[in-house]
Amino acid sequence: MLDLSNLSQSIQVTFNKQSEKQRSDHRICLNTSIDIARFLLEFGLSFRGHDESESSKNKGLFLGLSEWLEKRLPDVDRVIFKYAPKNDMMTSPKIQKDIVSACAQKTVKAIIDDLGGDYFGILIDEFKDISHHEQMALALRYVDKKGQVNEPFIGLIRVGDTSAKTLKEAIYSLLLKHSLSP
């Protein structure tokens, strides 16, 4: 109780004491991870390898590109891997998934903005993944302002079964999630 009542030990005070250099280093580390993720996403490349241990020669593209950048850019070398705290390297699979999720949200928002409330069609495909779970992929088909037909992928939803009712509910839920009228 005494520790909690001591205001000089509060989280806010500690956060405010963080130096501008630490903030800058954190920004460099985060921006590097975001840039690598965007590069891998743009080319549809996998992020992770089978063995990401220190001794592995092929750790996957995300860690491989991180090491490559670390060797070539002094600012990145200063804040990634060797010098970063073990819990703040911005390279964990969870961080990678968070970055990918944020990129996906921005991409879908840009697609919805491009659609601009016009008419669209939906393309649905259902399949079983490697663990035998039913999934449904949804893409939109629309004509943009330049007169070109676009068919961007919007989302993937796990469904319990492939009955018409279940698929309809999943489609409605995905469309409503993105504020699209069924």
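# A tour of the predicted model

Start with H132, which is exposed because its relative accessibility of 63% lies over the 50% cut-off. The model you have open is a predicted one. H132 is in the loop between strand 1 and strand 2. Its phi is positive, near 65°, in a residue other than glycine.

**The hairpin around H132**

Select strand 1, residues 121–128, together with strand 2. The two strands pair in the antiparallel sense, over 8 bridges. Between the strands of this hairpin there are 5 residues, and H132, with its positive phi, belongs to the hairpin. Which residue in strand 2 stands opposite I122? Select L140 in strand 2 to see the partner of I122.

Next, go to Y119, in the loop between helix 6 and strand 1. Y119 is exposed, with a relative accessible area of 81%. Add Y142 to the selection: the C-alpha atoms of Y119 and Y142 are separated by 6.8 Å, although the two residues are 23 residues apart along the chain.

**The whole protein**

Zoom out and colour by secondary structure. The protein holds 7 helices and 4 strands. Along the sequence, the pattern reads α-α-α-α-α-α-β-β-β-β-α. Of the 182 residues in the protein, 30% are buried. If you turn on a surface, about 13000 Å² is exposed, and carbon and sulfur atoms supply 57% of that area. Among contacts with a separation of 6 or more, 44% are between residues 24 or more positions apart.

**The nonpolar cores**

Hide the surface and select M136, L138, L140, I154, I157, V159 and L180. These residues have the most contacts inside the largest nonpolar core, which has 17 residues. Which elements give two or more residues to this core? They are helix 6 (93–115), strand 2 (134–143), strand 4 (153–158) and helix 7 (164–177). Helix 7 gives the most, with 5 residues.

Now centre on L138 and show its surroundings. Leaving aside neighbours within four places in sequence, L138 is in contact with L123, I124, F153, I154, G155, I171 and L174. Apart from this core lies another, of 15 residues; to find it, select I28, V76, V79 and I80, which are among its members. As a general point, nonpolar side chains in soluble globular proteins tend to be buried together.

**The aromatic pairs**

The structure holds 2 aromatic pairs. For the tilted one, select F39 and F43: the ring centres are 5.1 Å apart and the planes are at 55°, so the pair counts as tilted. F39 is partly exposed, at 39% relative accessibility, whereas F43 is exposed, with a relative accessible area of 54%.

Then select F47 and F62, whose ring centres are 5.9 Å apart and whose planes are at 15°, so this pair is stacked. F47 lies in the loop between helix 3 (20–42) and helix 4 (61–72), while F62 is in helix 4, so the pair ties together parts that are 15 residues apart in sequence. Are F47 and F62 buried or exposed? Both F47 and F62 are buried.

Keep F47 in view and add P93, which is found in helix 6. P93 and F47 are 8.8 Å apart in space, C-alpha to C-alpha, and 46 residues apart in sequence. P93 is partly exposed, at 27% relative accessibility.

**A charge over a ring, and the end of the chain**

Select K168 and Y172. K168 lies over the face of Y172, at 5.4 Å from the ring centre.

The last stop is S179, in the segment after helix 7. What sign does the phi of S179 have? It is positive, about 60°, although S179 is not a glycine. S179 is exposed, with a relative accessible area of 67%.

How values were computed. Residues are numbered from 1 along each chain as its sequence is written. This is a predicted model: local features need pLDDT of at least 70, side-chain atom pairs count only at pLDDT 80 or more; totals for chains, interfaces and linings use all residues. Side-chain values use heavy atoms; hydrogens and water are left out. A nonpolar core is a set of buried Ala, Val, Leu, Ile, Met, Phe, Trp, Tyr and Cys residues joined through side-chain atoms within 4.5 Å. Buried means under 20% relative accessible area, exposed over 50%, partly exposed in between (1.4 Å probe, protein chains only). Contact means heavy atoms within 4.5 Å. Rings of Phe, Tyr and Trp (its six-membered ring) pair if their centres lie within 6.5 Å; planes under 30 degrees apart count as stacked, over 60 as edge-to-face and the rest as tilted. A charge sits over a ring if NZ of Lys or CZ of Arg is within 6 Å of the ring centre and within 35 degrees of the ring normal. Two strands pair if DSSP finds at least two bridges between them. Accessible areas come from the Shrake-Rupley method with a 1.4 Å probe; for residues, only the protein chains shown count as cover.
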